[in-house]
Amino acid sequence: MSLKTPPEVAVEACVAARKKSEWTVSQMAILGGLAGAYIALAGYLYAIVTQDAATFSGIGVSRFLGGSVFSLGLILVVLAGAELFTGNCLMPLGSLAGCVSVKSLLRNWFWVYLSNLAGSLLVVAILFGAGLLQGPIGVHLLKISAAKVSLPFTQALLRGILCNWLVVLGVWMAMAATDVTGKILAIYFPIMAFVASGFEHCIANMFFIPAGILASWNPEIVASAGLPEGKLAIVNVSGFLHNLLPVTIGNIIGGALFVAVLYYVVYKERVRAS
């Protein structure tokens, strides 16, 4: 059988959580840095594809294409092996089952989150140094960044919940698949859906907003973007944190509560027995 059943996936998620909790700090730093870089590379690909797609195909198709290529990020994380904070929001299932202590869970989240940020910023810096945040791509990234930092707290929080509900379902279904093709397809649809729907992902925003901030340093990009002065003024570190806080909280709720906790409640006897 090429598919694991949901109860079997719940058991595997518990085992995976235990293994993740045993990583050393250096292992989490490397794997977390790689995950941040993979998501950032997918974010840049998204920017390339969508910067003019709506002109030719319409907004809906542009969003679909952007979501399709952005799925590369989680595909790389799962298949190449890396530690992604949002995916690790499935780990509370292991804590509830007694596989992982709350202290170990928080330790993993802390180091992986910081490492994801470092990996994302490294890619932003390389792209900036390579001159790849210029022209239409830079304008597009500035507009994306401005839209994200302008979101009210509640909207950012709720979009974060919806986003990671789908992302962690993608991780859950990838665990159910037993071959590479199945894992890719399991990841593709939820990721495509969250991006096309305009939901908010904290690690993706660790790429988009800093890239937009660097793009805003170029007067030509600012002039081409044509943003109102009020929106442009908040494309900065403060605006970045204003977005990152509610989106991160929302991502935790979406993945931990709506996937990890609810599936634990359903399959707790099976998970505890393992």
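Which residues line the largest cavity? In this predicted model, the lining is made by Ile-39, Phe-70, Leu-74, Leu-84, Val-167, Ile-191, Phe-194 and His-201. By class, that makes seven nonpolar residues, one polar residue and no charged ones. The space they enclose has a volume of about 40 Å³, and the structure holds one cavity of 30 Å³ or more.

From this cavity, let us turn to the pockets. Rolling a probe the size of a water molecule over the atoms shows where empty space is left. The largest pocket offers about 780 Å³ of space. Its lining counts 32 residues, and those closest to the centre are Tyr-46, Arg-63, His-140, Ile-144 and Ala-147. If you trace the helices around this pocket, you will find that H2 (25-50), H3 (53-57), H4 (59-70), H8 (135-149), H10 (180-197) and H11 (202-215) each give two or more residues to the lining. Helix H8 gives the most, with seven residues. In character the lining is mixed, with 16 nonpolar, nine polar and seven charged residues.

The second largest pocket has a volume of about 540 Å³. Here the lining has 24 residues, with Ala-16, Lys-20, Glu-83, Val-171 and Met-175 closest to the centre. Helices H1 (6-21), H5 (72-81) and H9 (153-176) are the elements that give two or more residues to this lining, and H1 gives the most, with seven. Sorted by class, the lining has 16 nonpolar, three polar and five charged residues.

Two of the residues closest to the centre of that second pocket, Lys-20 and Glu-83, are worth following a little further. Their side chains meet in a salt bridge, at 2.8 Å from N to O. This pair links distant parts of the chain, for Lys-20 sits in helix H1 while Glu-83 belongs to the loop between H5 and helix H6 (92-96), 63 residues apart. Both Lys-20 and Glu-83 are buried.

How many salt bridges does the count come to? The total is three, so two others remain to be visited. One of them joins Glu-200 to Lys-148, with the closest N and O atoms 3.1 Å apart. Again the pair links distant parts of the chain: Glu-200 is in the loop between H10 and H11, and Lys-148 is in helix H8, 52 residues away. Glu-200 counts as buried because its relative accessible area is 4%, and Lys-148 is also buried, at 11%; the cut-off for this class is under 20%.

The side chains of Glu-12 and Lys-4 form a salt bridge too, at 2.4 Å from N to O. Are these two residues buried or partly exposed? Glu-12 is partly exposed, since its relative accessible area is 25%, and Lys-4 falls in that class with 29%.

Our last stop is the surface itself. There, Val-25, Phe-110, Trp-111 and Leu-114 form a nonpolar patch, and together they have about 340 Å² of accessible area. Helix H7 (residues 102-129) gives the most to this patch, with three residues. Trp-111 lies in that helix, and with a relative accessible area of 32% it is partly exposed.

Note on methods:
Residues numbered from 1 in each chain as written. Predicted model: local features only at pLDDT ≥ 70, side-chain atom pairs only at ≥ 80, totals over all residues. Heavy atoms only, no water. Patch = residues over 30% accessible without salt bridge, like charges linked within 9 Å, V, L, I, M, F, W, Y side chains within 5 Å. Areas by Shrake-Rupley, 256 points an atom, 1.4 Å probe, with all protein chains shown as cover. Salt bridge = Lys/Arg side-chain N within 4 Å of Asp/Glu carboxyl O. Helix = DSSP H or I, 4+ residues; strand = E, 2+ residues; numbered from the N terminus. Buried < 20%, exposed > 50% of the residue type's maximum accessible area, 1.4 Å probe, protein only. 1 Å grid on protein atoms, 1.4 Å probe; cavity = no way out; pocket = protein on both sides within 12 Å on 5 of 7 lines; lining within 4 Å. Points joined across faces, edges and corners; volume = space filled by probe spheres on them. Nonpolar A, V, L, I, M, F, W, Y, C, P; charged D, E, K, R; others polar.
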